[in-house]
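User: I would like to learn how to read strand pairing, ring contacts and surface patches in a model. Please take them in that order.

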Amino acid sequence: MTTTPTDDPASSSPTPAASPADTAAELADAMTRAIKRIRRRTSERLEPYGITPGQGRALRTLAHAPGCELPDRAMRLSDLADRLHIAPRSATTVVDALEEAGLVERSPDPADRRAVRILLTEAGRAAVERIGQVRHEVAQEYFGEVSPADQDVLLRVLRAAETRYAAAATPRRPGSPGAAR
C-alpha cells in the first residue's frame, strides 16, 4: 500500500495551497484514524469483561433512558435500534448477547403485546460503570496531551458540524442505497 499525505498521521496540517475541500477530506481522514484507534483500544479494554463496544453503546443508551429500571417505562427494543442507528434485527442480536450475559432482561410492554422493553439488571448497571471508566481512560490516553482549550474547540466544532449535517440530511427511504447501517 502506498502512503498518501492523508494516511500520514505526522502530517498534522494541510499544505498552504490546500483547498477547503481538501482540508475537509483530510479532516475526515484524521477523524477516521482517531475513531479506529479509540475503538480498537476500547475493544481491547472491554474484552476482559466480555463486552464489545457495540454492546457498551447499547448499555449506555439504556442506562441514560428515563425510567430504565421500571418495566413500564424501560426502552422498547425498537427505540433502542433507532437510537443506535441500527436495524431492529441487529438490536435484537445485541440484546440477545446482553441478556445471555445477565446484563439486561426483556419485559413485555404492557401497552403493546408485540413490543418488548429492555431492563438493565444490577450486573448491567455495574457494567455501565466499568464501561464509563474504560471510556474515560481511553479518551485520556488519546486526548490527554491536547490542551483543554483545544479539546473544547474540537468538541464545539464537531457538535456544530453534526447539528448542521443532521439538519440538512434528508431521511432515507428503506431500500435506498446507504439506508441500512
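User: With which strand does β1 (residues 75-76) pair, and in what sense?

Analyst: Strands of a sheet pair through backbone hydrogen bonds, either parallel or antiparallel. Two strands count as paired if DSSP finds at least two bridges between them; strands (E, at least two residues) and helices (H or I, at least four) are DSSP runs, numbered from the N terminus. Here β1 pairs with β3 (residues 112-120) in the antiparallel sense, over two bridges. Arg76 stands opposite Arg117 in β3. The model is predicted, so local features need pLDDT of at least 70 and side-chain atom pairs count only at pLDDT 80 or more, while totals for chains, interfaces and linings use all residues. Residues are numbered from 1 along each chain as its sequence is written, and side-chain values use heavy atoms, with hydrogens and water left out.

User: Over how many bridges do β2 and β3 pair?

Analyst: Strand β2 (residues 104-109) pairs with β3 over six bridges, in the antiparallel sense. Val104 stands opposite Leu120 in β3, and Glu105 has Leu119 as its bridge partner. The two strands form a hairpin with two residues between them.

User: In what order do the three strands lie in the sheet?

Analyst: The order is β1-β3-β2, in an open sheet with antiparallel pairing. The edge strands are β1 and β2, each of which pairs on one side only.

User: How many aromatic pairs are there?

Analyst: Rings of Phe, Tyr and Trp (its six-membered ring) pair if their centres lie within 6.5 Å; planes under 30 degrees apart count as stacked, over 60 as edge-to-face and the rest as tilted. The count by this rule is one aromatic pair. The ring centres of Tyr142 and Phe143 are 4.9 Å apart and the planes stand at 75 degrees, so the pair is edge-to-face.

User: What is the relative accessible area of Tyr142?

Analyst: Buried means under 20% relative accessible area, exposed over 50%, and partly exposed in between (1.4 Å probe, protein chains only). Tyr142 has 36% and is partly exposed; Phe143, at 26%, is also partly exposed.

User: Which residues make the nonpolar surface patch?

Analyst: Patch residues have over 30% relative accessible area and no salt bridge, and nonpolar side chains (Val, Leu, Ile, Met, Phe, Trp, Tyr) are joined within 5 Å. A salt bridge is a side-chain nitrogen of Lys or Arg within 4 Å of a carboxyl oxygen of Asp or Glu. Leu27, Met31, Ile35, Leu154 and Leu158 make a patch of about 410 Å². The elements giving two or more residues are α1 (20-46) and α6 (148-168), and α1 gives the most, with three. Ile35 lies in α1 and is exposed, at 51% relative accessible area.

How values were computed:
Patches are made of residues with over 30% relative accessible area and no salt bridge: like charges are joined within 9 Å, nonpolar side chains (Val, Leu, Ile, Met, Phe, Trp, Tyr) within 5 Å. Accessible areas come from the Shrake-Rupley method with a 1.4 Å probe; for residues, only the protein chains shown count as cover.
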